[in-house]
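Me: I would be grateful for a close look at one part of this model, namely the place where the two chains meet. Please set out what supports that description and how it connects with the rest of the structure.

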Amino acid sequence: VRHARPAALAILLGAISAAGGGAQSPPTFSTGVEAIRVDVLVTDGERPVPGLGPADFEVRDNGVVQDVAFVTAETVPLNVIMALDTSGSVAGEPLDHLRSAGRALLGRLQPQDQAALITFSHQVTLQQALTRDFDRVGRGLADVAPQGETAVVDASYAALMLGETDVGRDLLIVFTDGVDTASWLTSGQVLDAARRADVVVYGVAVRGTEKPEFLRELSRFTGGSLLEVDSTRDLSGAFLRVFDEFRQRYLISYSPRGVSSEGWHQLQVTVKGRRLTIKARAGYVGG
Amino acid sequence: MRRSTGALVLVPLFVGGVRAQEPPAVFRTEASYVEVDVFVADAQGNAVRGLTRDEVQIFEEGVRQEIATFTEVALPEDRVDPTSGEEAPLPPDVATNEGELDGRIYAIVLDDAQTDRRRSGPVREAAREFITRHMASHDVAAVVHATAGAPPAFTRNKALLLESVARFMGRKTRSAVLERMSAIDVQKEALQAPADPAEVALAPRPGLETDPSDGARAHDARTSMAALERVVRALGDVRGRRKAILFLSEGVDYDTFDVGRRVQRQAADVSSSLQRAIATATWNNVAFYPIDPRGLAARASEDKETGAPPEDRTLGIDSQSLDRERRQSQQSLRRLATETGGIATLDTNDFAAAFERIVRASSHYYLAGYHPADFRPDGAYRRLEVRVARPGVSVLARNGYVRPRRDDSKEERAEVAVAGGTSAELRELLASAWPRPGLTLGVTAAVFKVGAETATVAVAVEVAGRTLPFRRENDRAVNDVEVSLLVLDDAGRVRGGDRLLVQPRLTAQTHERVERHGLRFVRRLELAPGRYQLRVAAREGEEGRRGSVFYDLQVPEFGEEDLAISGVLLTSRAAAFALTPSPDEVVKALLDTPPTAARTFAANDVLTVYAEVYDLLEPAHDLSVTTRVASLDGREVFRTADQRASSALRAEGGGLRLKVGIPLAALSPGAYRLRIEAAPTVGARNVAREVPFQVVAHAGAATADLPPPRTADAGPPGSVARSASRIDRLEAWLSAVEGHTPGTADGPASIVRSWAPAQLVELATDVAVTNALIGDPDHPVLWLVDPARPGRPQRAPYTLDDERRLRGLARDAADRCRRDPLPKVDTDPRRNAQRCVNRLLKRGAVLHTDAAILFGDGTARPDAVPDARRWRVRFTDGRPLGTEGNAGHMELVQALLDNVAPNPAADPTVRLWYIATSAYGQYHERHTRHEDRAVRIFPEDADVQFLAGSLHETFASPRIQSLARSIRLPAGAAHGIGSEQAELRQAEERFRRALERQPAFTEARIRLGRVLHLRGRYEQAARELEQAVTALSSGRSMAADDGLLAYYAEMFLGAAAESLGRREMARSSYTRAAALYPGAPSPRLALSRLALSRNDRAAALRALREALQPGDEDRDDPLWRYHVVQGRDADAWLARLHESLAVEP
């Protein structure tokens, strides 16, 4: 699941050194020690707050203050997974909007980033696993034929599982224009899976009579947020907003001390001495 | 096999045919187009006409621009409503967007935030003068109170505008100088009085940092500027017109130059709100005309209040302070005018001259538009200069504009809560403060009393046929039309709404009708007393035309009056030709045909008028109601009177329903007033309503085009023609019943399929009468008895000639029975007649079932008037695609089979019909919803119980529950879908009944197990499912497709086991299910989730990959069709139904 990955962090450190480390002081890490990564969005009102370092954050793991070892942002490669609703209701113009939004998002990626595409109707399809070949992802989007019902819960589960990687930061964008009508898994089961994942989920839903409660919860659980658009015409803007916000997040790492490794760990992240809004996952499952 | 759409019969709902996709939105103006209006005056101030494009030059930042569009606008200054004539103007009771923009546009902003209370009167007087003397009949205006925050409601109705003006009251905060002077007075008194020295020291130091009203004053200024900005944005939608805002205000009372913020600490904020109002106005090409109501008397009132100010420069105050303050406030008014191309009226009491100038500048001007080469949405100010190459003229135009920022339009776009499902295009029109031309609409509304506190409003919306394009599709004229209604109260709050989407598929004949007479929608709204604006927007899908109309509506407080009159509804013989899909039945019933929004009628037409008079006056009296039509010069051309005793009215609930026919043949072309007046013999007051209308010469339209009059008042009864075709239809039906081959889409089925629901309802009566005549040739037919109300026989809708034909048809049908080659079951004539009738009923049932099933979806003919009692909603993926009239065949069949004698419940064909059509409906997701009725007739039948249980189980699913939450229903209607738990309860009961009758019914047991699991009874669920699994594996099941059922049983058992925490048992079940259907993703997803819950991520991923990439096999998961699979034997059931006719004629 996500936190104990010394090997992965070694690769990560290599990437940062190669990039010059930016303004951050060089992170130090003792390999072999379990590390927890927390993806954090810090905002002052609506505006993301830039320029924070390890000394600015206070992280409590089950109430115990931890030493934040490492904070970084832009330099970490991204894994962007799109899980997109291609049920019958997106046929026609909405699908064109969805394709444009997907392409717009892919256009923002850097060469070291990766992207994957999952589409779903009642049937969930892995169109393209994580790859740096963004054209292939774009082609996957171009080929879909909308039909059938909506299994957004099943698809979110698949995307959470397949999206989580050992390298980079994982962003999952789940788009749906309706409510779930066809999943086998229950929303509770998938929210439980989300607690075990280190993926930040941003839900994008078309505003309608039905409230996208599952996506709202999933986003909240993982430290992301839900964007509701009035029309699929606004999808490109929403996708780019998600991406830009995600780019401005911090990735905090620490090695848990003073807490048992088992069970559910409640996380509390604050910025010292400032009243800022923090979005981060609620916790993680240890052990 | 998987179906993506379904249909479900509802008890209620609107209109025929719909499409899921909305056409692309057409968003408004080009971002980079700059429009400048130019008023050019000669030396006497008169407008200069006839300029050409070459004579006008526009410079932006000194660079000459290429003018792309150039128009001279010349509006006559004195327009008269043709229907108002010599008498006082009579406001039309119909609003239309035809030629909507042919008048001037004014917004009158009354700045209560920055007008002294004592000058409220002059402001009201000035606004009143403008409205009554300077607004022409086609001009449109809105009165906006700065602090009200309500969106501007534009109208031509001067009474409404004046009413709003009358409510004006200034509430300006005292000025800074006056505050300072008061503070000085207070301190002087304190210094003179012997007081504690400490208190004196604590008193505020006047005139410097202490200004108690600073915040309030800044707030007032920002409120006024925000009001201006709001009105500008509302006007921004209007292009190609000069837009004037009359701003009655004493100006921004705030020293925006107090940059040190020693006294006025919010100078920057106030200044930027002023700047923003100007910037928004310049971009939207709106001119401000500020008018200072202080006029020449500005100083006097302040002096009266304060006396002479102290001459103390150390306090920053002297005799000039008030003047300076006034000049400063006027400076803001000047800025508003000069920077937007308007004129400020200051220091004068002659407002009339100012109003003349405003009207002149709004009447004759030039509109020039260009695209700046370097346009960027950067918020930058751009200087403009307009030059005219003619000597001796003066030019009035704005001297610059501020480009919008990229997100400005989006951020500020007004949003209103419109009826669900309304497209973005119509939402935009409804949110706009301004009606749009394009698709021509007419709207009328009439208010009727329901109770003391509520009223019902009948609304008719007509889309002009000539502006409605159609495309040809298989000999049909096809388009789709969306109409959305929104009711706003006078504070701009949404108080109601409705939305309809119709897809007319018209025959050539109906198409011609629509082209000539239009398409009409009739709705009904319930509203409390008050003032409202009814906004109606419509669009068509073929060319994307759209339009909107705003209708001002006053709902009177009927409860306050002992004598009142309702609104007036009109229709005419020609108006009855307009295609009216699904009119509100209550409204339609008032006039027999739907009301019309037309107010121009041909001279060969006949009007029918409807109104209600509410009389609760005491003591007993007579009430005389007169209907009168007169020309505008007062010449009466029609009169009829009705007199009633109040006691008679009281017996009818205190209301008189007046319906009058008015033949127009005697009226020469021209404008008329219809007046309905109620005069009681007690009390001093009469009540009346008036409606203006026009009569035009009959342009050679064939009289035969008009439908027969429907009302007794309007001409001879039309029953002869209608019932003649009715008997013809019965004859055709009897022959179709005989000619039809069951199970085929043959000619006879095709004939009855084309009949409209209302015709099928009539047919049910006619068949019942025929059957009675078969049983008893002497049966009387001139009276019909409704079994529900046996004491109230109704006169049959037949003439004597009809009766003669009916008896003949019944005789022929009986003869055919006697000729039947099959052996007679009985020699008793009564029983033989009954057998003959049953045969007719059952063959008729199959005929209509085939007509509904074999020709597609069983929905009504799109151009037919649908049966208002039942509707069909089409849906996909949990969402409604729309509603359409139900064809009515299945309902007719039910009515026919109810009459099978001696007892339909004992008849095998009736049972087969219910089972076959339920199975068919569920399998094809075309739910006819007669399962519960079947259960009542056949309570002991396991198949009937099973199908009813399956229907309720399906209705509990998210796809139908979501649909139920999404459907918008008219008032009083219900879709009949229960909550998830209510549907599950019903399902459980039905499945249990099925299993009581037939314990080996494994499919019913599996479904029962699933329902129990969904109801949270996991142990019971697991028990039932284990029993089903055992039955299937032991071969004790009676099911033919055991593999499919075993898959369901294992999956549901797995889920129940998981809920009980029995992971191993769950894993076994899912594994067995996965083996049964190797391509099915669901068991693999379930296994993956199970693995993850025990922290075996590798196994979870393995199972997930199998779920997503199952190799070459085509993925198939029986769970995807679980909601229809219960009806998979529908074809076999239908075949048995058809066979039953052969063995049991």
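Reply: What follows describes the interface of chain B and chain A, and then moves outwards from it.

The model is predicted, and the description should be read in that light. In the interface, 45 residues of chain B are in contact with 37 residues of chain A. The two chains bury about 3,400 Å² between them, and 52% of that area lies on carbon and sulfur atoms. Eight residue pairs, both members at pLDDT 80 or more, are in polar contact between chain B and chain A. On the side of chain B that touches chain A, at least two residues each are supplied by helix 11 (424-431), helix 24 (958-966), helix 28 (1042-1059), helix 30 (1081-1093) and helix 31 (1097-1108) of chain B. Helix 30 of chain B provides the largest share of that side, seven residues. By residue class, the side of chain B that touches chain A comprises 19 nonpolar, eleven polar and 15 charged residues.

The charged pairs at the interface deserve separate treatment. Side chains of opposite charge can pair when their charged atoms come close. Three salt bridges are found across the interface of chain B and chain A, against a total of 83 over all chains of the structure. R965(B) forms a salt bridge with E210(A), with the closest N and O atoms 2.6 Å apart. A network of salt bridges links D192(A), R195(A), R196(A), E1058(B) and R1089(B). Within chain A, D192(A) forms a salt bridge with R196(A), their closest N and O atoms being 3.4 Å apart. D192(A) has a relative accessibility of 22% and therefore counts as partly exposed, whereas R196(A), at 14%, counts as buried.

One of the helices named above also takes part in a pairing inside chain B. R546(B) forms a salt bridge with E428(B), the closest N and O atoms being 3.2 Å apart. This pair links distant parts of the chain, with R546(B) in strand 24 (residues 546-555) of chain B and E428(B) in helix 11 of chain B, 118 residues apart. R546(B) counts as buried because its relative accessibility is 13%, under the 20% limit; E428(B), also at 13%, is buried as well. A further salt bridge in chain B joins R387(B) to E385(B), with the closest N and O atoms 3.1 Å apart. Here R387(B) is partly exposed at 39% relative accessibility, and E385(B) is partly exposed at 34%.

For chain A as a whole, the model has seven helices and 15 strands. Of its 287 residues, 57% count as buried. Among contacts in chain A with a separation of 6 or more, 77% are between residues 24 or more positions apart. The mean pLDDT of chain A is 82, with 87% of its residues at 70 or more. Residues 1-33 of chain A call for caution: pLDDT stays under 50 there, although the model has 49 contacts beyond four places in sequence for this stretch.

Finally, two buried residues of chain B may be noted. E229(B) lies in helix 5 (residues 214-236) of chain B and is buried, with a relative accessible area of 9%. Beyond its neighbours within four places in sequence, E229(B) is in contact with R276(B), A277(B) and T280(B). Y254(B) is placed in the loop between strand 9 (243-248) and helix 6 (267-283) of chain B, and counts as buried at 1% relative accessibility.

Methods: Residues numbered from 1 in each chain as written. Chains lettered and ligands numbered in written order. Heavy atoms only, no water. Contact = heavy atoms within 4.5 Å. Buried area = accessible area lost by both parts, 1.4 Å probe. Salt bridge = Lys/Arg side-chain N within 4 Å of Asp/Glu carboxyl O. Polar contact = N/O pair within 3.5 Å; in protein donor to acceptor, adjacent residues only side chain to side chain. Helix = DSSP H or I, 4+ residues; strand = E, 2+ residues; numbered from the N terminus. Nonpolar A, V, L, I, M, F, W, Y, C, P; charged D, E, K, R; others polar. pLDDT = per-residue confidence, 0-100. Buried < 20%, exposed > 50% of the residue type's maximum accessible area, 1.4 Å probe, protein only.
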